[in-house]
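Take a look at the model below. We will walk through some of its aromatic rings and then some of its helices.

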Amino acid sequence: MSKHFDVRRGAFGTSHAKVRAVDDVSFQIHRGETLGLVGESGCGKSTIAKLIACLHRPTAGTVRLQGVPISRLTDRELRRYRSRVQMVFQDPYSSLNPRMTAGEIVGEPIREHGGLSARKRRKQVAELFQRVGLAPELATNYPDAFSGGQRQRIGLARALALRPQLIVADEPVSALDVSVQAQVINLMVRLKRETGVAYLFVSHDLAVVEHISDRVAVMYLGQLVELAPRRRIFGNPRHPYTEMLMQSVPTLDRRSRSKQLVVGEVPSPFDPPTGCRYRTRCPLAVPMCSSSTPILRQVAEGHQVACHVRAPGTAS
């Protein structure tokens, strides 16, 4: 799947350029699992989240749900798809309609898709409030009466209202205090255990990703560079970018000062480097890295790496 954006540049917007936000990315999310998607800001994580939630249309490729491409769905089928794939947004303040009560916000998807009576809808909303740890009587309050953590719980209740198969969570705790982050993450873990829902969990916080994910995908400048089970990718990362990303996490361990951190700036997505896009910052780069693009290759069971040095023979 790829997504390119046409933008205007220059002082008067007279020149056109193309941002290659997502470029030839492919992965699967299994039923009931959490796939963590990590990478630096601007690498394309949120674009992938919006593509899967059908808020963007791909430039090339497609999203499939149980093998069925959503690009071929009729309007009625697409409506059903939206009920099976829900999204939790990054900002718990702007993602809730300030003119609606919390109960109306959670009940809106039920009204649009469920066809329940008002009495049954109120009962289901009360059950959803209890499930995410909110008192049902709070349903009559407006969003400005809630804290950030409570607002994100409302967002989770709204996402769960239609019993989806997949929830796309785009940086769902980055705007919250650390103590509140832990509460929301533990809630998401419990909800997955109770409902069997799968998550695509987008984040730049590796500690959070390590806690919640079953598998982890690492992105760099619009492409996947590594995909592996959580324990393997945190215990034995193979791609040089993944290694440096792990080493850049702040720690109180003084021994970490000798580690090599990520150096240089991320190249412009308007004009990414030829071959391996990470080569301009990579300490292991060889001449082949500038002439051919590495593709994901399995180096161990369930562990894929796109690197000419660490997984040779992957040119495309």
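Y220 is buried, at 2% relative accessibility. Buried means under 20% relative accessible area, exposed means over 50%, and partly exposed lies in between (1.4 Å probe, protein chains only). Y241 is buried too, with a relative accessible area of 0%. This is a predicted model: local features need pLDDT of at least 70, side-chain atom pairs count only at pLDDT 80 or more, and totals for chains, interfaces and linings use all residues. Residues are numbered from 1 along each chain as its sequence is written, and side-chain values use heavy atoms, with hydrogens and water left out.

Now to the rings. Rings of Phe, Tyr and Trp (its six-membered ring) pair if their centres lie within 6.5 Å; planes under 30 degrees apart count as stacked, over 60 as edge-to-face and the rest as tilted. This rule gives three aromatic pairs. One of them is Y220 with Y241, a tilted pair with 4.8 Å from centre to centre and 55° between the planes. Y220 lies in strand 9 (residues 215-220) and Y241 in helix 9 (residues 240-247), so the pair ties together parts 21 residues apart in sequence. Helices (H or I, at least four residues) and strands (E, at least two) are DSSP runs, numbered from the N terminus.

What kind of pair do Y220 and Y278 form? Their planes stand at 80° and their centres are 5.0 Å apart, so the pair is edge-to-face. Y278 sits in the loop between helix 9 and helix 10 (288-291), 58 residues from Y220. Both Y220 and Y278 are buried. Ring pairs thus join Y220, Y241 and Y278 into a cluster.

Turn next to two helices. Helix 3 (residues 102-113) and helix 4 (residues 118-131) pack at an angle of about 115°, with axes 9 Å apart. Axes are lines fitted to C-alpha atoms, for helices over the stretch in contact, and angles run from 0 to 180 degrees between N-to-C directions. Contact means heavy atoms within 4.5 Å. Helix 3 contributes residues including V106 and I110, and helix 4 residues including L128 and F129.

Helix 5 (residues 148-160) comes last. Its 13 residues should span 18 Å at 1.5 Å a residue (the expected span is 1.5 Å times one less than the number of residues). The end C-alpha atoms are 19 Å apart, which agrees. Twelve of the 13 residues of helix 5 are buried. Among them are I154, L156 and L160. The buried residues of helix 5 pack against strand 6 (85-88), helix 3, helix 4, strand 7 (166-170) and helix 6 (178-195).
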